[in-house]
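Q: Hey, can you walk me through this one? I'm new to reading structures.

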Amino acid sequence: MTTVGQLVFSGILIGSIYALMSVGLTLVFGVLRVVNFAHGEFLMLAMYGAWAITRFLGLNPYIAIVAVVPAMFLFGMLVHRLMISPALDKPHLVVVFATMGLSILMQNVALMLMSADLFDVPPLLGGRSWTFGPLYAKPELVIGFLVAVACTVALQWMIKSTYLGKAIRATVQDGEAAQLMGIPVPRIFLITFAGGSALVGLAACIMTPLFSVFPTVGLNFVLIAFVVVVLGGMGSIEGALLGGICIGVVQSLSSYYIAPAYGQMFFFILFLLVMIFRPTGLLGQKGTANIGIND
Amino acid sequence: MSTHAMSPLRRIGGLPLMPERGTASVFELALLLICAALVVVRLPQNIQDVIILTYLWAGLALAWNIAGGYAGLISFGHAAFFGIGAYTSTILGVKAEITPWIGIWLGGLLSAACGTLLALICARLRGPFFILSTLAAAEVVRIGALNWAALTGGPEGLAILPVPSVGNMVFASKHAYAVLMLGYLVVVYVAAKFIEGSRYGYRLFAVRDDEDAASAAGINPLLMRASAMGISAFITGIGGSLFAQYFLYLDPTHVISPELSFQFALLPALGGLGSAIGPVLGSFAITPLSELLRSYLGHAAHGLHLAIYGGVVIVVMLYFPGGIAGVLERFNRVQRKDRR
Amino acid sequence: MTALLELRKLSRAFGPLWAVRDVSFAVQPGELLGLIGPNGAGKSTLYNVIAGVLPPTAGEAVFEGRTISRWRPYHVARAGIARTFQIPKPYRHLTVIENVALSAMLHDQSVAAARKTAEAVLGDVGLADYAGAQVSILTAGLLKRLEVARALALKPRLVLFDEIMAGLTPAEVKVMTDMVAGLPARGITVIWVEHVLYAIMKTAKRILVLHRGELIADGAPEKIAKDPAVIKAYLGEEMSLA
């Protein structure tokens, strides 16, 4: 019984980190209605950044947040200006293929500059785990969980209570009407995309002590991110947290009870089941899956 | 592209100069002649390898395009069909001693069934939801193949005995493979042209462009989507089998990979979706280029050729969304006299 | 004479809101029926239910003796009911004639035959000059005519027009009105939702008025124009047959 408890506990912790990594993706979809296929590479870029700051400046990755998050925000702005914005009024496959091209470009530039080697950040606190009664967890996981939950709460507050949040909600519901009401929709798009990128930067700093970074690390995580977002419901922040936690728990349990090799397969099957029976996800807007993207 | 009357200046011997829906063109015939010539002429082995792959990839790009370009079903999971076809014919050949000449058709049929099933499962999904589902489905197939070692040989993969034998579809000379791949390409091309000029093809375009309007015109969207996916998967599966017979080795990581799936989608996107010549042009432009870049730059800087590839994709998608065929079409339209 | 289309207490609710409620009427073959009502009256919802886009919450629709209430849109179209969309939905990557030919392909066995039918229909709606054009160059008014052409190319027995006059010049309105008026003689029964009231009041012999989802009047145009319930529904606006 304790094993199950431990597995579920670890699953919740890692799942919340998956959620943090995915919430940018869900926001971008909810507002801009585009899927950024280079999302994993944004994470990879930020992870290299966090690693580099840790390695060369001797700071720990959590302090690196101060530099990585703004840098990723700027990077997101750049990508949005150059690629996303021009593609918005074209058929949606332009964005799909363009972000895929970006993904390939970024992976291979990383390969050229950093080589295929795995880079790690040494664990904090000398590798000991914290204990919570009968359960234990790595401190990096617990910190990650706390940051993820705090971030979700902050985002929710921002969406519900600030002007920016209201503007975002208006844009999600009806971009044209929002524009007529004086909301600068193109700027909302820019802020949302750049913000999503910044959130990925935050996730990367949390994840660098837990995972190695290498050029194709994005590929593993982007698939997880897609599943989290779809499960939780595209555009829903709480949905991302819920979805992330579900995925974390499923992965944790299935890796232990069924072969670890099949672990990944399970959440793809979960994904497909969600797509078949409840494509809007647990907390998403009804009908978005049937509309897909506005063409 | 409209098949409306063209200025007499642009027709030679009754055929239009540039590719059009529903009819052959001088351009296409000339290209065919060049392709045939390249098969017959004696060339260095490594160039023959490039030609073989270019023709095969062109056929696979055409196959993807039937679902993606004609029916609007953008799939990032076609490597699954490729793999199913390849593994089916190889397993039947290696374990049941069934000749690949029969095995490839069985592989194709199994792929077709899977493709149709996928389309039915994803019947209500549109846009990125559909794309992601195809990705997930392909990953399920890949991981399944990786772990079902008894059937597929697992990560070690399967090998075909490199003993030349026509009965086993293993050839000593590259010429023979080039003929095989060109034959595949030509048959698939003719099929694609036939589809795009037929009522069925038009119905696919209608479902792609506006599903509600198509429904209101009496077209059954689910039937169109499922059949397009089935046909596309069938052709892709056969291509996979042909690849297995050429490469003589299969393993899930390389044959059912997301990278390969992207390749199947990118070649038509770069060449031009929605027409038969597009995917062919895409493959003819990109495959030799990437092989060339890989051999010259691959050693100098790991990944440079792919980085360039990625950059090219971005530029083409943003500035030339019609791909190479789109550029040709614009050039063609400017030349036409009776523009309506 | 058996009715071509009969609606029996047809209703459609969205949650607690009844967009269409207990609508019952019969349409005989050869009729030209106008359907009017203020914005939000439920006209588009009614069309969507008849055409199979939405299932009814209650009641049924019977076409030529068959209950079509839960049929899919393509099934309804094949049975002989064509409809236009209020916001035109052309096939963007096809030319004008190809758009129409696609509808014709329902009955025509070859692409060539379908193009011939399409040419004739384009002539009927005055779009013959635009046959080879891409739909992206068409103005809103021309797109509306394309909608009509696509519906007619289906060779339907019943056609549901949804505000086909919006955005047309008075001259264009005259051309289209004459064309629509001639449809019953060609064996096509017409139900016509329209806001351009003078066109519909002059052409239709029978008008139905929908208000807040319910049928509040059904009769000749002159009678409708004086009906107090109708006038109230339009907020006191008096209609005259000019």
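A: Sure, here is a short chat about a sheet and the nonpolar cores. This is a predicted model, where local features need pLDDT of at least 70, side-chain atom pairs count only at pLDDT 80 or more, and totals for chains, interfaces and linings use all residues. Residues are numbered from 1 along each chain as its sequence is written, chains are lettered from A and ligands numbered from 1 in the order in which they are written, and side-chain values use heavy atoms, leaving out hydrogens and water.

Q: Cool. What's the strand order in the open sheet of chain C?

A: The order is 6-7-8-3-9-10, six strands with mixed pairing. Strands here are DSSP runs (E, at least two residues; helices are H or I, at least four), numbered from the N terminus, and two of them pair if DSSP finds at least two bridges between them.

Q: And which strands are at the edges?

A: Strand 6 (81–83) and strand 10 (214–219) of chain C, each pairing on one side only.

Q: How many bridges join strand 6 to strand 7 in chain C?

A: Three, and the two strands run parallel. C:Arg83 sits opposite C:Leu160 of strand 7 in chain C.

Q: New topic: which residues have the most contacts inside the largest nonpolar core?

A: A:Phe37, A:Phe42, A:Phe97, B:Phe76, C:Phe161 and C:Trp192, in a core of 268 residues. A nonpolar core is a set of buried Ala, Val, Leu, Ile, Met, Phe, Trp, Tyr and Cys residues joined through side-chain atoms within 4.5 Å; buried means under 20% relative accessible area, exposed over 50%, partly exposed in between (1.4 Å probe, protein chains only).

Q: Which helix gives the most to this core?

A: Helix 2 (residues 45–70) of chain B, with 15 residues.
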